[in-house]
Amino acid sequence: MLDNLGDWKRTHSCGELRLEHVGRTATLMGWVARRRDFGPLTFIDLRDREGITQIVCDAEKAPDAHARAKDVRNEYVIAVRGPVVARAPSQRNPKIATGDVELHADEIRILNDARTPPFQIEPAPNEPLASEELRLRYRYLDLRRAQLQANLRLRHRVIAEIRRYMDEQGFTEIETPILIKSTPEGARDYIVPSRLHPGKFYALPQSPQLFKQLCMIAGLDKYYQIARCFRDEDLRADRQPEFTQLDIEMSFITPEDIYRLIEGLFQRVFQLIDVELPVPFPRLPYAEVVQRFGTDKPDLRFGMELRDLRSAVEGTTFAPFAAVLEEGGEIKGIVVSGGAGYSRKTLDELQQFVKRYGASALAWIKLGDEISSSLLRALGEEGVKRLAEAAKAERGDAVLIVAGPAKTVAASLGALREEVARREGLIDASRFAPLWVVDFPMFEYNEEDGRYYAMHHPFTSPIDEDLPLLERAVEGGETALLGRLRAKAYDPVINGVELASGSIRIHRRDVQRLIFKALGLTEDEARRRFGFFLDALEYGTPPHGGIAPGIDRLMMLLVGTDNIRDVIAFPKTASAVDLMIDAPSEVDPRLLDELHIRVVRE
C-alpha cells in the first residue's frame, strides 16, 4: 500500500548532510538505490540528484519504520524522517560526501513503487554498463546515473555562462524561425509538409545562417542564439540529426574580433572545469595543418607529424612509388618512437587500419639492431636507409609509410597518427591544446560529379586579394582558378575536435552572384532559392561575420567522452532512431490524407 506525501517538506537533499547536521531532524526524499536487510537492522541507500545518504531502520527504536522498510525495493520512491547521527569512525564511508553521517528513520512513507529495472542503474565499479541500445530504450532510467546527471548539470552551467558572457559583450539573443524554406547545400534538409498549402513544404533549419545575416542587414549589430539545428545526414559518434549550437553574428568586424570573442568565451567555459586555456590560440593555415597532420582538425597534444619522403625515392624503379610520383601523388610517413619493437601482428593491424581510409598498403621500416622493412627487397638497404633518414627516424623507431593521391595519404596517415598515439599512450587527457585553422580553400572539387562545392557554405567571403581570381574563374571561364581561391574562414580546434565553423560573410550582391554562378546555380535557380536574401543585399548590407560553436561537441570535450549521446538528455542512435519513443514511426493515414501525402513503398 502506498502512502501520501501529506504535508511533509523535504529539508535536505541526499547529498547535503554533514557532521554539522548531527542532532537535527531531517526529511529526505528520493529513490532507493540499495536495500540491505540484516534482521533487526535494515539499511537503505537513498539517492537523489545530489548524492546518497544511508538510512538506518532499527526494529527496536522505530518498529513501524523498520516494518515499512521491509516493503521497500530498489527504485521505490520514498520519504524518510528522523535524526541525523554521526557514524562510528570505523563505519564511515569516504566514497560518498555524506559518508560521515546517517539518518535514523523514525518514519518512512512509500510514495511510489517500481518494477524491477531492466538493468542495474549504477553497476558495481568493475561491472560494465548495460548495452547502449537497452539504456537508450529506457533513457529515463539511464538518466538516473550520477555521471549523466552531472553531464547535464554541467551543460546547464555552460549555457548559463555563455549567456552571461554574451550579454557582457553587448549581444542580443534573438530567436529565428524553425519552419523555413528548403535551400539545401551539402547535408539534406528535414522537410515538413504544409496542410494549408498542399504540395508545399517547410524545412527545419540546418543553421540560422541566412536569418542571422538578415539580422545584420536589419542593423541589430550583435546577434546570438542558442539554436536548435537539424541535418538529415549519415551519423557518426560526434553527430546527431538534431543538435544545439551557439550561433553568433557581428557587423563591421574582421576575423580578429571573432578570435578575441571566442577565445574569451572558451576561457570562461573551461574555467567551469578548472582548466585555464592558453590564449591567444596559435593560428595555422589550412594547407599547413593538412600537410603536417593530415587533417584540418589536428590534435596538438603530441607530435608525430607527417614527413614528406618523395625526395628519398626520386628516380625509383619500384613500380608503386614510381606510379605515384608520375601521377603527382604523395609519399609520406610518420615516425613512431620505440616502434622498432612492433610485432608483425601489430603492423598487420595498422595495415588494415589505413585501408579503411583508402590507402592501398602500409609500408614500414623498423630501425632495431638491424634494419628490417617491407621495402627491403624493392629498394635495397641503401634505399630504405634514405627513407629513414628523410623521415628523421632514429634507432629504435619505426617509420610507417603511405603512398597515393594526396587526399588519401592525408586521410590515412592523419587517422593513423591518432590511432598510434592512442595505442602508445601519447595523449595527455588532462591537457587542452587549442588552435585556429585559417585560410581555408573557398571551394573543393568533387571528382564524382565534376563540380566545385563551397567548403564552408556559399555565403563565405573570399579573401579580398582573390576577388579578381573569382571574376576570371566565373566570367572568364577559367574554372580551375576556383581551386586557388581562399576563404575568410576560421575554425577553432581543441584536442582534435572541431568546435566551431565561422567566416566573414559576403555583403555585396555582385560577389554573391559570382559565388552562386561558380557553384553552378543559374540566375533563375538562385532567385528561386535565395531571392529574398539577394533582395536584402541591395538595401545597405554592412560587412559582417560570425561563427557557430557546437554545444554538444564542446560538452563532449568538457566531460571527457567520445560519445555525443553522453551529453544529450534524449539522443538518437547512430541510425537516427529514438528507441525510447519509437521514432520515426508511421502516422495515421487520415493525417497523410490531410497533408495530401501518399507513401509509395518500393
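Here are some worked exercises on the predicted model shown above.

**Exercise 1. The overall picture**

Find how many helices and strands the protein has, and what share of its residues count as buried.

*Solution.* Start with the secondary structure: there are 16 helices and 24 strands. Next, turn to burial: 48% of the 602 residues count as buried. For the extent, the C-alpha trace spans about 95 × 75 × 55 Å along its principal axes. Finally, look at the contacts between residues at least 6 apart in sequence: 68% of these join residues at least 24 apart.

**Exercise 2. The second largest pocket**

Describe the volume and the lining of the second largest pocket.

*Solution.* Begin with the volume, which is about 1,100 Å³. The lining consists of 35 residues, and those closest to the pocket centre are Ala33, Asp45, Ile52, Ile96 and Glu122. Now sort the lining by element: β1 (25–38), β2 (41–48), β3 (51–58) and α4 (146–168) each give two or more residues. The element that gives the most is α4, with four residues. Last, sort by class: twelve lining residues are nonpolar, nine are polar and 14 are charged.

**Exercise 3. Rings and charges**

Classify the ring pair of Phe353 and Tyr357, then look at other aromatic groupings.

*Solution.* A pair of aromatic rings is described by the distance of the centres and the angle of the planes. The model holds 16 aromatic pairs. For Phe353 and Tyr357, the ring centres are 5.4 Å apart and the planes meet at 45°, so this pair is tilted. Check the surroundings of each partner: Phe353 is buried at 7% relative accessible area, whereas Tyr357 is partly exposed at 36%. Elsewhere, one aromatic cluster is formed by Tyr259, Phe281, Trp436 and Tyr490.

Then consider charges over rings. The charged end of Arg81 sits over the ring of Trp8, 4.3 Å from the ring centre. Arg451 lies over the face of Tyr453, with 3.9 Å to the ring centre.

**Exercise 4. One strand residue and one helix**

Work out where Val192 lies and what touches it, then find the packing partners of α13.

*Solution.* Val192 belongs to strand β8 (residues 191–193) and is partly exposed, with a relative accessible area of 25%. Setting aside neighbours within four places in sequence, Val192 is in contact with Leu179, Lys200, Phe201, Tyr202 and Leu204. As a check on distance, Arg155 is 37 residues from Val192 along the chain, and their C-alpha atoms are separated by 30 Å.

Move on to helix α13 (residues 509–518), whose buried residues are Val511, Gln512, Leu514, Ile515, Phe516 and Ala518. Those buried residues pack against β19 (443–446), α12 (467–475) and α14 (523–536). Just after α13, Gly520 has a positive phi of about 90°.

**Exercise 5. Backbone exceptions**

Locate two cis peptide bonds and two residues other than glycine with positive phi.

*Solution.* Keep the usual background in mind: most residues other than glycine have a negative phi, and most peptide bonds are trans. One cis bond joins Val279 and Pro280, with omega about -5°; Pro280 is in the loop between α6 (255–270) and β12 (283–285). Another runs from Ala583 to Pro584, with omega near 5°, and Pro584 is in the loop between α15 (551–559) and α16 (589–594).

For the phi values, Met304 is near 55° and Asn495 is also near 55°. Met304 is in the loop between α7 (286–293) and β13 (307–308) and counts as buried at 13% relative accessibility. Asn495 is in the loop between β21 (489–494) and β22 (497–498), and is buried at 9%.

Methods:
Residues numbered from 1 in each chain as written. Predicted model: local features only at pLDDT ≥ 70, side-chain atom pairs only at ≥ 80, totals over all residues. Heavy atoms only, no water. 1 Å grid on protein atoms, 1.4 Å probe; cavity = no way out; pocket = protein on both sides within 12 Å on 5 of 7 lines; lining within 4 Å. Points joined across faces, edges and corners; volume = space filled by probe spheres on them. Nonpolar A, V, L, I, M, F, W, Y, C, P; charged D, E, K, R; others polar. Phe/Tyr/Trp six-rings, centres within 6.5 Å; stacked < 30°, edge-to-face > 60°. Buried < 20%, exposed > 50% of the residue type's maximum accessible area, 1.4 Å probe, protein only. Lys NZ or Arg CZ within 6 Å of the ring centre and 35° of its normal. Contact = heavy atoms within 4.5 Å.
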